[in-house]
Structure formats: structure tokens, C-alpha cells
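User: I've got a model open here and would like to talk through how the chain is put together. Can we take it piece by piece?

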Amino acid sequence: SVPAGAPPTPPAPTTYLITAGDNLWNVAATHLAGVTGRPAGSVPDAEVTPYWQRVCDLNRSRLRSGDVNLVFPGEQIGLPPIGA
């Protein structure tokens with residue numbers, strides 16, 4: 001149990017395994033849709049953009065290429081909690 005007055009522990013990032021054809025924008029948009037209970041592709045770009053930026057920031061140093069626009073199948077990325 002968490003002691004009274006202790007700050008809540010932030011949820012750990014979810015992980016995702018990159019597959020052929022993936023890019024961080026689509027992964028972020030699909031994850032955001034799933035977590036918010038909406039169909040994939042229905043989340044407006046204005047909502048995806050800030051989450052995608054957080055996904056990029058979290059994973060930039062983890063990517064083999066070091067480029068958020070170039071991911072490879074088999075790479076595991078972190079997906080930050082929604083709304084954090």
C-alpha cells in the first residue's frame with residue numbers, strides 16, 4: 001500500500017515491438033486510439049501530435065538509427081502513459 005501523502009507512482013511505459021511497415025506516428029496513433037476506446041485512425045492529428053512527440057522523446061536514444069523517422073522490425077520501444 002502507498003503511505004498517505006505519498007505521491008502516486010507513475011505508470012510504467014508500455015512496450016511495443018516494431019514490425020515491418022511500422023512508424024512511430026502510426027504506433028502512437030493506434031495506441032492512443034486503443035487506450036481511449038476509439039477505432040484506429042479516428043484520433044485527430046491534433047491529439048496524436050503531442051503524444052507522438054512524447055513517444056519520440058522517450059525512444060530517440062533507444063533506436064538503432066537514432067532517428068525517430070527510421071525504425072527497424074524487432075526494435076522494442078516504450079509507449080508513455082496517456083495523459084502523463
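User: Which helix holds histidine 31, and is the residue buried or exposed?
Analyst: This is a predicted model, and in it histidine 31 sits in helix H1. The cut-off for buried is under 20% relative accessible area. Histidine 31 comes in at 17%, so the residue counts as buried.

User: Which residues does histidine 31 touch, leaving aside neighbours within four places in sequence?
Analyst: Some of its company comes from the other helix, since H1 meets H2 through a set that includes His31 on one side and Tyr51 on the other. With those close neighbours in sequence set aside, the contacts of histidine 31 are Thr14, Tyr51, Leu79 and Ile82.

User: What do the buried residues of H1 pack against?
Analyst: Besides His31, the buried set of H1 has Leu24, Val27, Ala28, Ala29, Leu32 and Ala33. Their packing partners are strand S1 (14-17), H2 and strand S2 (76-79).

User: At what angle do the axes of H1 and H2 cross?
Analyst: Two packed helices are described by the angle between their axes and the distance between the axes. Here H1 covers residues 24-35 and H2 residues 45-59, and their axes come within 9 Å. The crossing is right-handed. By class, the contact of the two helices has 10 nonpolar, 2 polar and 2 charged residues. As for the angle between H1 and H2, that is roughly 115 degrees.

User: How far apart are the end C-alpha atoms of H1, and what span should its 12 residues have?
Analyst: The rise to use is 1.5 Å a residue, so the 12 residues of H1 should span 16 Å. The separation of its end C-alpha atoms agrees with that, at 16 Å.

User: Where is phenylalanine 72, and which residues does it contact beyond four places in sequence?
Analyst: Phenylalanine 72 is in the loop between H2 and S2. At 28% relative accessibility, phenylalanine 72 counts as partly exposed. Its contacts, leaving aside neighbours within four places in sequence, are Ile18, Arg64 and Ser65.

User: How far apart in space are phenylalanine 72 and aspartate 22?
Analyst: Along the sequence the two are 50 residues apart. From C-alpha to C-alpha, phenylalanine 72 and aspartate 22 are separated by 8.3 Å.

User: Stepping back, what pattern does the protein follow along the sequence?
Analyst: There are 2 helices and 2 strands to place. Of the contacts with a separation of 6 or more, 59% join residues 24 or more positions apart. Read along the sequence, the pattern is β-α-α-β.

How values were computed: Residues are numbered from 1 along each chain as its sequence is written. This is a predicted model: local features need pLDDT of at least 70, side-chain atom pairs count only at pLDDT 80 or more; totals for chains, interfaces and linings use all residues. Side-chain values use heavy atoms; hydrogens and water are left out. Contact means heavy atoms within 4.5 Å. Axes are lines fitted to C-alpha atoms, for helices over the stretch in contact, and angles run from 0 to 180 degrees between N-to-C directions. A crossing is left-handed if the near helix is turned anticlockwise from the far one by less than a right angle, and right-handed if clockwise. Ala, Val, Leu, Ile, Met, Phe, Trp, Tyr, Cys and Pro count as nonpolar, Asp, Glu, Lys and Arg as charged, and the others, Gly among them, as polar. The expected span of a helix is 1.5 Å times one less than its number of residues. Buried means under 20% relative accessible area, exposed over 50%, partly exposed in between (1.4 Å probe, protein chains only).
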